[in-house]
Amino acid sequence: MSFGETPITLVGNLTDDPEVKFTEGGAALAKFTIAVTPRSFDRTSNQWKDGTTAFYRCAAWRTLAEHVAESMSKGSRVVATGRMRQHDWTTDQGEKRSMLAVEIDDIGASVRFTTVTVNAKRTNSGAAPAGDPWNTPGTPAADAEPPF
């Protein structure tokens with residue numbers, strides 16, 4: 001993250017299935033919206049009350065985009081971190097427009113209200129160096145010493 005960027009963490013639900021497109025250069029781009037609804041406890045009524053829902057338009061790139069599309073769908077509860085970005089453009093009628101969106105750096109399923117099964121696999125972008133003792137296939141012996 002660069003100096004001056006606005007980091008953000010979102011905890012909410014996907015409002016629809018992620019939409020994946022590919023750039024002319026072949027890079028995957030997943031677009032999706034995360035709905036975030038704050039909750040507070042009202043002591044006078046002794047009940048939880050929902051606040052105003054905020055909708056955050058999000059984008060994930062490359063391998064992350066493909067993983068989001070394969071792993072998450074409408075209603076998935078997620079925890080996402082990223083950076084707020086402002087996008088400016090001019091319409092065909094000459095009107096200036098802008099919008100805020102979140103460029104996602106990392107996203108995962110929230111396990112607060114459910115359980116998930118993780119299929120951990122490394123890709124070339126996150127591959128461990130050759131000889132990394134933590135990158136060995138199979139299950140280590142129960143009495144194996146840690147590699148440190």
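# Notebook: burial, contacts and a pocket in a predicted chain

**Entry 1, the chain as a whole.** I began with burial and noted that buried residues make up 22% of the 148 residues in the chain. The model I am reading is a predicted one, and I keep that in mind for every value below. I then looked up the secondary structure and found one helix and eight strands, which follow one another along the sequence in the pattern β-β-β-β-β-β-α-β-β. For the contacts with a separation of 6 or more, I noted that 58% are between residues 24 or more positions apart.

**Entry 2, the second largest pocket.** I looked up the volume of the second largest pocket, which comes to about 280 Å³. Its lining consists of Val11, Gly12, Asn13, Ala35, Val36, Thr37, Arg39, Trp48, Asp50, Arg77, Arg112 and Phe113. Strand E1 (6-14), strand E3 (28-36) and strand E5 (47-50) are the elements that give two or more residues to this lining. Which of the elements gives the most to it? I found that E1 does, with three residues. Sorting the lining by residue type, I recorded five nonpolar, three polar and four charged residues.

**Entry 3, the aromatic pair.** Trp48, which I had listed in the pocket lining, came up again when I searched for paired rings. The structure holds one aromatic pair, and its members are Phe41 and Trp48, with 5.4 Å from centre to centre and 70° between the planes. I record the pair as edge-to-face, because planes over 60 degrees apart are counted that way. Is Phe41 buried, partly exposed or exposed? Phe41 counts as partly exposed, since its relative accessibility is 37%.

**Entry 4, strand E7 and the residues that meet it.** I next went to strand E7 (residues 77-90), in which Gly82 lies, and where I also found Arg83. Gly82 is buried, because its relative accessible area is 4%. The C-alpha atoms of Gly82 and Val102 are 6.1 Å apart in space, while the two residues are 20 apart in sequence. Arg83 also counts as buried, at 13% relative accessibility, and I found a polar contact of 2.5 Å that joins its side chain to that of Asp105.

I came back to Arg83 from another direction, by way of Glu5, a residue in the segment before E1. Leaving aside residues up to four places away in sequence, Glu5 touches Arg83 and Arg85. With Arg85 there is a polar contact between the side chains, at 2.8 Å. Why does Glu5 count as buried? Its relative accessibility is 19%, and the class takes in values under 20%, so I note the assignment together with the number.

**Entry 5, the loop between E4 and E5.** I looked at two residues in the loop between strand E4 (39-42) and E5, one of them Thr44 and the other Asn46. Thr44 is exposed, with a relative accessible area of 77%, and its side chain is joined to that of Asp42 by a polar contact of 2.5 Å. Asn46 counts as exposed as well, at 56% relative accessibility. What I marked for Asn46 is the backbone: its phi is near 60°, a positive value in a residue other than glycine.

**Entry 6, a second positive phi.** Where does Arg62 lie? I placed Arg62 in helix H1 (residues 62-71). Its phi is near 55°, again a positive value in a residue that is not glycine. Arg62 is exposed, with a relative accessible area of 52%.

**Entry 7, Ala54 and strand E3.** My last lookup was Ala54, whose place is in strand E6 (residues 54-61). Ala54 is partly exposed, because its relative accessible area is 29%. Which residues does Ala54 touch, not counting those up to four places away in sequence? I found Ile34, Ala35 and Val36, and I note that Ala35 and Val36 are also among the residues that line the second largest pocket. Between Ala54 and Ile34, which are 20 residues apart along the chain, the C-alpha separation is 8.3 Å.

How values were computed:
Residues are numbered from 1 along each chain as its sequence is written. This is a predicted model: local features need pLDDT of at least 70, side-chain atom pairs count only at pLDDT 80 or more; totals for chains, interfaces and linings use all residues. Side-chain values use heavy atoms; hydrogens and water are left out. On a 1 Å grid over the protein atoms alone, a cavity is a set of points where a 1.4 Å probe fits but cannot get out, and a pocket is an open set with protein on both sides within 12 Å along at least five of seven lines; lining residues have an atom within 4 Å of a point. Grid points are joined across faces, edges and corners, and a volume is the space filled by probe spheres set on the points. Helices (H or I, at least four residues) and strands (E, at least two) are DSSP runs, numbered from the N terminus. Ala, Val, Leu, Ile, Met, Phe, Trp, Tyr, Cys and Pro count as nonpolar, Asp, Glu, Lys and Arg as charged, and the others, Gly among them, as polar. Rings of Phe, Tyr and Trp (its six-membered ring) pair if their centres lie within 6.5 Å; planes under 30 degrees apart count as stacked, over 60 as edge-to-face and the rest as tilted. Buried means under 20% relative accessible area, exposed over 50%, partly exposed in between (1.4 Å probe, protein chains only). A polar contact is a pair of N or O atoms within 3.5 Å; within protein, one must be able to donate a hydrogen and the other to accept it, and residues adjacent in sequence count only if both atoms are side-chain atoms. Contact means heavy atoms within 4.5 Å.
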